[in-house]
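Here are my notes on the model you sent. Please read them with the structure open.

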Amino acid sequence: MIGLCEGSEHRVAYPMVLEPVELLGDEGPYQTKSWRPGVRYVNQSPYGDSAASADGVGWMIPESGQHPQAGQVSGARFLHTNVD
């Protein structure tokens, strides 16, 4: 494993999905969109085949001292950046 210099930041690209959400504001409930880490599954055929789809790419940034394994998200925080 490659060590990181103290104070450096290690970023890992992660798929992001843009979803509608309902929030409560001063004027009452309203709808907007929000980024969520992960993918959505889209039906591809009448036989139940599906494919993973993402709306953009964000970054997973492990907390200081954490080294998550592939597929592991606990111990990491997400920073939404560079979404296409």
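1. Start with the pairing of Leu24. Its bridge partner in β2 is Pro29. This is a predicted model, so please read every point below in that light. Further along the same pair of strands, Glu22 has Gln31 as its bridge partner in β2.

2. Those two bridges belong to a ladder. β1 and strand β2, residues 28-37, run antiparallel and pair over 10 bridges. What joins β1 to β2? A hairpin does, through two residues.

3. Gln31 deserves a closer look. The residue lies in strand β2. Buried or exposed? Gln31 has a relative accessible area of 64%, and the cut-off for exposed is over 50%, so Gln31 counts as exposed. Leaving aside residues up to four places away in sequence, Gln31 touches Val21 and Glu22. Glu22 is thus both a contact of Gln31 and its bridge partner.

4. Now cross to Pro20. This proline is found in strand β1, which covers residues 12-25. The C-alpha atoms of Gln31 and Pro20 are 6.8 Å apart, with their positions 11 residues apart along the chain. Which residues does Pro20 touch, not counting those up to four places away in sequence? They are Thr32 and Lys33. The C-alpha atoms of Pro20 and Trp35 are separated by 9.0 Å, and these two residues are 15 apart along the chain.

5. Pro20 is also exposed, because its relative accessibility is 63% and the cut-off is over 50%.

6. Next, the charged pairs. How many salt bridges does a search of the whole structure find? It finds two. As background, side chains of opposite charge can pair when their charged atoms come close.

7. One salt bridge joins the side chains of Arg36 and Glu19, at 3.1 Å from N to O. The pair links distant parts of the chain: Arg36 sits in strand β2 and Glu19 in strand β1, 17 residues apart. Arg36 has a relative accessible area of 30%, between the 20% and 50% limits, so it is partly exposed. Glu19 is at 27% relative accessibility, so Glu19 counts as partly exposed too.

8. The other salt bridge brings together the side chains of Arg40 and Asp55, at 2.9 Å from N to O. Distant parts of the chain are linked here as well: Arg40 is in strand β3, while Asp55 is in the loop between β4 and β5 (56-62), and the two are 15 residues apart. Arg40 is partly exposed, with a relative accessible area of 29%. Asp55 is also partly exposed, at 32% relative accessibility.

9. Please check the second hairpin too. Strand β3 (residues 40-43) pairs with strand β4 (residues 50-53) in the antiparallel sense, over four bridges. Asn43 has Ser50 as its bridge partner in β4. Six residues lie between the strands of this hairpin, and Gly48 there takes a positive phi near 90°.

10. Then step back to the whole chain. It has zero helices and six strands. Read along the sequence, the pattern is β-β-β-β-β-β.

11. What share of the 84 residues is buried? Buried residues make up 14% of the chain. The chain exposes about 6500 Å², and carbon and sulfur atoms supply 51% of that area.

12. Last, the contacts. Take those in the chain with a separation of 6 or more. Residues 24 or more positions apart account for 37% of them.

Notes:
Residues are numbered from 1 along each chain as its sequence is written. This is a predicted model: local features need pLDDT of at least 70, side-chain atom pairs count only at pLDDT 80 or more; totals for chains, interfaces and linings use all residues. Side-chain values use heavy atoms; hydrogens and water are left out. Buried means under 20% relative accessible area, exposed over 50%, partly exposed in between (1.4 Å probe, protein chains only). Contact means heavy atoms within 4.5 Å. Two strands pair if DSSP finds at least two bridges between them. A salt bridge is a side-chain nitrogen of Lys or Arg within 4 Å of a carboxyl oxygen of Asp or Glu. Accessible areas come from the Shrake-Rupley method with a 1.4 Å probe; for residues, only the protein chains shown count as cover.
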